[in-house]
Amino acid sequence: MSETTEAEATNSEESVAEESAEVSAEVSAEVPVEEGPTLEEEGDVAADYLEALLDIIDADGDIDIDVEGERALVSVIEVNPGELSHLVGEDGQVLSALQELTRLAVARETGERSRLMVDIAGFRAEQRKKLQEAAKTAIAEAQRTAAPVSMRPMNPFERKVVHDVVAEAGLVSESEGEEPERRVVIRIS
C-alpha cells in the first residue's frame with residue numbers, strides 16, 4: 001500500500017469514527033433514558049392503594065406521603081381515634097402484612113421493587129421512639145461494661161432503627177441469628 005492510500009484509509013477510519021460518535025450522541029439525546037420511579041411516585045401509588053383499602057372497609061384516614069432517607073413513607077393518620085387499630089394488629093403484625101401488600105401493589109404498578117414504609121395511626125413512629133430509647137440504654141451498657149450487648153429478637157424494621165442509633169453513637173452493631181430470632185448485638189468496637 002502506498003503512503004497516500006494509507007493516509008486516505010486512516011482519514012477514512014477517523015471520519016467514520018467521528019460520524020459514529022455524532023450519531024450515537026444524537027440517538028442518546030433523542031432516546032430518553034428510562035429511570036425507575038421516584039420515591040414520590042412510589043408514595044403516590046401506595047397512597048392510592050391505601051385510599052382504596054380505606055374505602056373498601058369504610059374507614060376514615062388522612063394519608064400523608066413523605067420521603068425519609070432513601071424510602072417513601074406513607075402514613076395513614078386516624079381521623080377517629082382507635083378506628084384503624086385493626087389495621088395495625090397485635091404488635092404491628094397486620095401493619096407489616098399490609099406494608100408488604102402495598103409494596104407489591106407499587107411494584108406491580110411501577111415494575112420496580114419498592115422499599116417503602118407504611119405507618120398507620122402513628123404505630124411505627126411510636127415504635128421507633130421506643131426502639132431508639134432501648135438502643136440508647138443498650139449502648140450505655142456496652143460502653144459501661146465493654147462487653148457485647150445482645151438485644152431481644154426484632155423484625156427488620158426494628159433492627160434498622162437500632163443499627164442507625166448505634167452507628168450515630170459511633171459503636172458497632174450486627175444482626176445475628178435466624179428469623180424470627182434474629183437480634184442486634186452491640187459492641188464498642
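**Exercise 1. In the predicted model shown above, establish how strand E2 (residues 71-78) and E3 pair, and describe the surroundings of Asp 119.**

Solution. Begin with the strands: E2, which spans residues 71-78, pairs with E3 in the parallel sense, and the pairing runs over four bridges.

Next, place the residue in this pairing. Asp 119 belongs to strand E3, which covers residues 117-120, and Ser 75 is the residue that stands opposite Asp 119.

Then look at the two faces of E3. Met 117 and Asp 119 lie on one side, Val 118 and Ile 120 lie on the other, and all of these residues are buried, so that both faces are covered.

Now list the neighbours. With residues up to four places away in sequence set aside, Asp 119 touches Val 74, Ser 75, Val 76, Leu 95, Arg 124 and Ala 125.

Finally, consider the charge. Asp 119 is buried yet has no salt bridge, and Arg 124, the nearest side chain of opposite charge, is 5.6 Å away. A salt bridge requires a nitrogen-oxygen pair within 4 Å, and the separation of 5.6 Å from the side chain of Arg 124 does not satisfy this. The side chain of Asp 119 does, however, reach the backbone nitrogen of Arg 124, at 2.7 Å.

**Exercise 2. Find which residues touch the most other members of the largest nonpolar core, and which elements give two or more residues to this core.**

Solution. The largest nonpolar core has 18 residues, and those that touch the most other members are Leu 131, Ile 139, Met 151, Val 162, Val 166, Leu 171 and Ile 186. The elements that give two or more residues to this core are helix H4 (123-145), strand E4 (149-153), helix H5 (156-168) and strand E6 (183-187).

To see one member in detail, take Ile 139. Leaving aside its neighbours within four places in sequence, Ile 139 is in contact with Val 165, Val 166, Ala 169, Leu 171 and Ile 186.

A second core, separate from this one, consists of 17 residues, among them Leu 50, Ala 72, Val 74 and Val 118. As a general background to both, nonpolar side chains in soluble globular proteins tend to be buried together.

**Exercise 3. Work out how E5 and E6 form a hairpin, and which residues Ser 150 touches.**

Solution. Start with the pairing: strand E5 (residues 172-176) and E6 run in the antiparallel sense and pair over five bridges. Within this pairing, Val 172 has Arg 187 in E6 as its bridge partner. Six residues lie between the two strands of the hairpin, and Gly 177, in the turn, has a positive phi of about 95 degrees.

Then turn to Ser 150, which lies in strand E4. Residues up to four places away in sequence are not counted here, and on that basis Ser 150 touches Arg 183, Val 184 and Val 185. Although Ser 150 and Val 185 are 35 residues apart along the chain, their C-alpha atoms are separated by 4.3 Å.

To finish, ask about exposure: Ser 150 has a relative accessible area of 45% and is therefore partly exposed, since this class lies between 20% and 50%.

**Exercise 4. Describe three of the salt bridges, and for each say which parts of the chain the pair links.**

Solution. The count comes to nine salt bridges. In one of them, the side chains of Glu 68 and Arg 128 meet, with a distance of 3.0 Å from N to O. This pair links distant parts of the chain, with Glu 68 in strand E1 (residues 61-68) and Arg 128 in helix H4, 60 residues apart. Glu 68 is partly exposed at a relative accessible area of 37%, and Arg 128 is partly exposed at 26%.

Another bridge joins Arg 159 to Glu 179, whose closest N and O atoms are 2.9 Å apart. Here Arg 159 is in helix H5 and Glu 179 is in the loop between E5 and E6, 20 residues apart. Arg 159 has a relative accessible area of 9% and so is buried, whereas Glu 179, at 44%, is partly exposed.

The last of the three lies between Glu 174 and Arg 187, where the closest N and O atoms are 2.8 Å apart. Glu 174 is in strand E5 and Arg 187 in strand E6, 13 residues apart. Glu 174 counts as partly exposed at 37% relative accessibility, and Arg 187 is partly exposed at 26%. Salt bridges that share partners join Glu 174, Glu 176 and Arg 187 into one network.

Note on methods. Residues numbered from 1 in each chain as written. Predicted model: local features only at pLDDT ≥ 70, side-chain atom pairs only at ≥ 80, totals over all residues. Heavy atoms only, no water. Core = buried A, V, L, I, M, F, W, Y, C linked by side-chain atoms within 4.5 Å. Buried < 20%, exposed > 50% of the residue type's maximum accessible area, 1.4 Å probe, protein only. Contact = heavy atoms within 4.5 Å. Lys, Arg positive; Asp, Glu negative; His and termini not counted. Polar contact = N/O pair within 3.5 Å; in protein donor to acceptor, adjacent residues only side chain to side chain. Pairing = 2+ DSSP bridges.
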